[in-house]
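Colleague: I am new to this structure and would like a close look at one part of it. Could you pick a loop, tell me about it, and then walk me outwards from there?

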Amino acid sequence: GYADGSVRLWDPHTKSVIATFNGHKKAVTALAFDREGVRFASGSQDTDLIVWDVVGEAGLFRCVA
């Protein structure tokens, strides 16, 4: 996660960004992937939690505190 509110997935072999997820208004402070690696959750200083679909590169839902 980044201070601009984005999450970027990197390919460690090519050292390039393969996907960028934008949705937070403040810095991302927490990330957790599911066991299959097809979804992840991000938390931010904006107090929102977003669940993302890695394959579809889209947000599935947002929990607002």
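Modeller: Let's start at Thr-47, which sits in the loop between β4 (39-44) and β5 (48-53). Strands here are DSSP runs of E with at least two residues, helices are runs of H or I with at least four residues, and both are numbered from the N terminus. The backbone at Thr-47 has a phi near 70 degrees, a positive value in a residue that is not glycine. Thr-47 counts as partly exposed because its relative accessible area is 48%; the class lies between buried, under 20%, and exposed, over 50%, with a 1.4 Å probe and protein chains only.

A word on what you are looking at: this is a predicted model, in which local features need pLDDT of at least 70 and side-chain atom pairs count only at pLDDT 80 or more, while totals for chains, interfaces and linings use all residues. Residues are numbered from 1 along each chain as its sequence is written, and side-chain values use heavy atoms, with hydrogens and water left out.

A positive phi also turns up at Lys-15, again in a residue other than glycine, with a value near 55 degrees. Lys-15 belongs to the loop between β1 (6-11) and β2 (16-22). At a relative accessible area of 67%, Lys-15 is exposed.

Back to β4, one of the strands beside the Thr-47 loop. Ser-44 is part of this strand, and its relative accessibility of 9% is why it counts as buried. Apart from neighbours within four places in sequence, Ser-44 makes contact with His-24, Lys-26, Ala-27, Val-28 and Thr-29; contact here means heavy atoms within 4.5 Å.

Follow one of those partners, Thr-29, and you arrive in strand β3 (residues 28-33). Thr-29 has a relative accessibility of 55% and therefore counts as exposed. Besides Ser-44, Thr-29 touches Gly-43 and Gln-45, leaving out residues up to four places away in sequence. The C-alpha atoms of Thr-29 and Gly-1 are 6.7 Å apart in space, although 28 residues separate the two in sequence.

What about β5, on the other side of the Thr-47 loop? Arg-62 leads us there from strand β6 (residues 58-64). Not counting residues up to four places away in sequence, Arg-62 touches Gly-23, Asp-48, Leu-49 and Ile-50, and β5 covers residues 48-53. Arg-62 is partly exposed, at a relative accessible area of 39%. From Arg-62 to Leu-9 the distance is 19 Å between C-alpha atoms, with their places 53 residues apart in sequence.

Both β4 and β5 also carry aromatic rings that are worth turning the view to. The whole structure holds four aromatic pairs; rings of Phe, Tyr and Trp (its six-membered ring) pair if their centres lie within 6.5 Å, and planes under 30 degrees apart count as stacked, over 60 as edge-to-face and the rest as tilted. Among them is Phe-21 with Phe-40, edge-to-face at 5.1 Å centre to centre and 85 degrees between the planes. Phe-21 is in strand β2 and Phe-40 in strand β4, so this pair ties together parts that are 19 residues apart in sequence. Phe-21 and Phe-40 are both buried.

Phe-21 also pairs with Trp-52, edge-to-face at 5.3 Å centre to centre and 65 degrees between the planes. That pair links distant parts of the chain, from Phe-21 in strand β2 to Trp-52 in strand β5, 31 residues apart. Phe-21 counts as buried because its relative accessibility is 1%, and Trp-52 is buried at a relative accessible area of 5%. Together, Phe-21, Phe-33, Phe-40 and Trp-52 form one aromatic cluster.

Now step back to the whole chain. The protein chain has zero helices and six strands, giving the pattern β-β-β-β-β-β along the sequence. Its C-alpha trace spans about 35 × 25 × 15 Å along the principal axes. Of the 65 residues in the protein chain, 29% are buried. Among the contacts with a separation of 6 or more, 19% are between residues 24 or more positions apart.
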